Amino acid sequence: MGEKSNFPEVWGLGLGLFLALYAGFLNHITPKEPALDNHSGFESTLLGLEMAETPKHVQDLIGIPDTIDFFHLSTEYRRVHYFDFGFIFCYLAFLTYTGHYAGRKVRPIFLKIFMGMILLLVIAGFADLIENILILNILDAKTAEEMTPSLEYLKPTSQLKWFCLFSYVAIVSVYFWLYEKGWILRTAAILFFTGFFLQMFSIIRTNLLELSFPFFLVGLVCSWFHYGFSLAFSSLSKKT
């Protein structure tokens with residue numbers, strides 16, 4: 001019998017590294033300061049734009065049309081969201097890999113549930129695509145009246161995206177807690193579920209969404225470290 005391939009772990013390692021570099025690039029080109037002010041207690045200008053509800057929220061972030069601030073900031077946000085179209089497929093691939101690998105020990109039960117989890121990712125990806133289109137429409141608007149139709153759908157679409165993503169990792173956290181051993185994935189399970197809990201309450205207090213992100217991101221790092229880094233190199237060491 002041939003040796004067991006460690007391709008899934010190595011593939012996860014590479015995908016996680018690429019996703020981290022892509023995210024770092026997007027963060028680097030995202031404007032860090034609003035033109036005037038951010039809303040709802042957000043520190044992140046990108047989240048502030050995603051959760052904007054009124055033309056004033058948008059204009060406080062990117063400035064008044066036909067001004068220098070508006071020209072530069074709208075150009076930078078437009079570039080970020082063009083690149084974000086590619087980022088959507090990268091994070092969906094990584095989450096699919098993480099979720100599928102998490103259920104390998106309970107495959108018969110998990111595969112039935114996993115189809116529902118994939119549906120969550122499909123909805124999240126579709127909502128993210130719509131969100132980007134709505135934001136690009138807003139950036140192209142010249143007046144508050146032109147922004148209004150897109151703003152009616154922007155925040156609900158963004159909330160739907162984050163709800164589906166956090167719900168997905170919350171389900172993954174159950175598998176980590178019940179079927180995995182070791183502190184890395186147990187830690188990831190706690191982080192994912194805490195992030196999901198905070199995201200749920202962000203419907204009432206919007207800026208809790210920003211607080212939930214560190215839990216989400218560190219949970220993903222723990223998952224990547226175990227499945228991509230730890231398992232890949234332990235598998236390689238056994239072969240040498």
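A residue counts as buried when its relative accessible area is under 20%, as exposed when that value is over 50%, and as partly exposed in between. Keep that in your pocket for the tour, and remember that the model on your screen is predicted.

**Stop 1: the whole chain**

Colour everything by secondary structure. You'll see eight helices and zero strands, so-called α elements one after another in the pattern α-α-α-α-α-α-α-α. Buried residues make up 50% of the 240 residues.

**Stop 2: helix H3**

Select residues 55-62, which form helix H3. Six of its eight residues are buried, so H3 is largely enclosed by the rest of the structure. The buried ones are His57, Val58, Gln59, Asp60, Leu61 and Ile62.

Now show the side chains of Asp60 and Lys56. They form a salt bridge, with the closest N and O atoms 2.7 Å apart. The two residues are four apart in H3, so about one helical turn separates them. Is Asp60 buried or exposed? Its relative accessibility is 14%, so Asp60 counts as buried. Lys56, at 53%, is exposed.

Step past the end of the helix and click Gly63, which follows H3 and has a positive phi, near 95 degrees.

**Stop 3: two loop residues with a positive phi**

Most residues other than glycine have a negative phi. Here are two that go the other way. Select Asp66, in the loop between H3 and H4: its phi is positive, about 70 degrees, although it is not a glycine. Asp66 is exposed, at 73% relative accessibility.

Then jump back to Ser40, in the loop between H1 and H2. Ser40 isn't a glycine either, yet its phi is positive at about 60 degrees. With 36% relative accessibility, Ser40 is partly exposed.

**Stop 4: salt bridges between separate parts**

How many salt bridges does the structure hold? There are six. Pick Lys155 and Glu53, whose side chains meet in one of them (3.2 Å, N to O). Lys155 sits in helix H6 and Glu53 in the loop between H2 and H3, so this pair ties together parts that are 102 residues apart in sequence. Lys155 is buried, at 12% relative accessible area, whereas Glu53 is partly exposed, at 44%.

Next, select Lys161 and Asp128, another salt bridge (3.7 Å, N to O). This pair links distant parts of the chain, with Lys161 in H6 and Asp128 in H5, 33 residues apart. Both Lys161 and Asp128 are buried. Add Glu50 and Glu131 to your selection: salt bridges that share partners join these two with Asp128 and Lys161 into one network.

**Stop 5: the largest pocket**

Switch on a surface and look for the largest pocket, with a volume of about 1100 Å³. To find its centre, select Ala23, Phe87, Trp162, Phe213 and Leu217, the closest to it of the 37 lining residues. Which helix gives the largest share of the lining? That's H8, with eight residues. Helices H1, H2, H4, H5, H6 and H8 each supply at least two. Colour the lining by type and you get 22 nonpolar, seven polar and eight charged residues.

**Stop 6: a nonpolar patch outside**

Finish on the surface. Select Leu119, Val122, Ile123, Leu160, Phe163, Phe197, Met200, Phe201, Ile203 and Ile204, a nonpolar patch with about 950 Å² of accessible area together. H5, H6 and H7 each give at least two of its residues. Zoom in on Phe197, which is in helix H7 and is partly exposed, with a relative accessible area of 47%.

Technical notes
Residues numbered from 1 in each chain as written. Predicted model: local features only at pLDDT ≥ 70, side-chain atom pairs only at ≥ 80, totals over all residues. Heavy atoms only, no water. 1 Å grid on protein atoms, 1.4 Å probe; cavity = no way out; pocket = protein on both sides within 12 Å on 5 of 7 lines; lining within 4 Å. Points joined across faces, edges and corners; volume = space filled by probe spheres on them. Nonpolar A, V, L, I, M, F, W, Y, C, P; charged D, E, K, R; others polar. Patch = residues over 30% accessible without salt bridge, like charges linked within 9 Å, V, L, I, M, F, W, Y side chains within 5 Å. Areas by Shrake-Rupley, 256 points an atom, 1.4 Å probe, with all protein chains shown as cover. Salt bridge = Lys/Arg side-chain N within 4 Å of Asp/Glu carboxyl O. Buried < 20%, exposed > 50% of the residue type's maximum accessible area, 1.4 Å probe, protein only.
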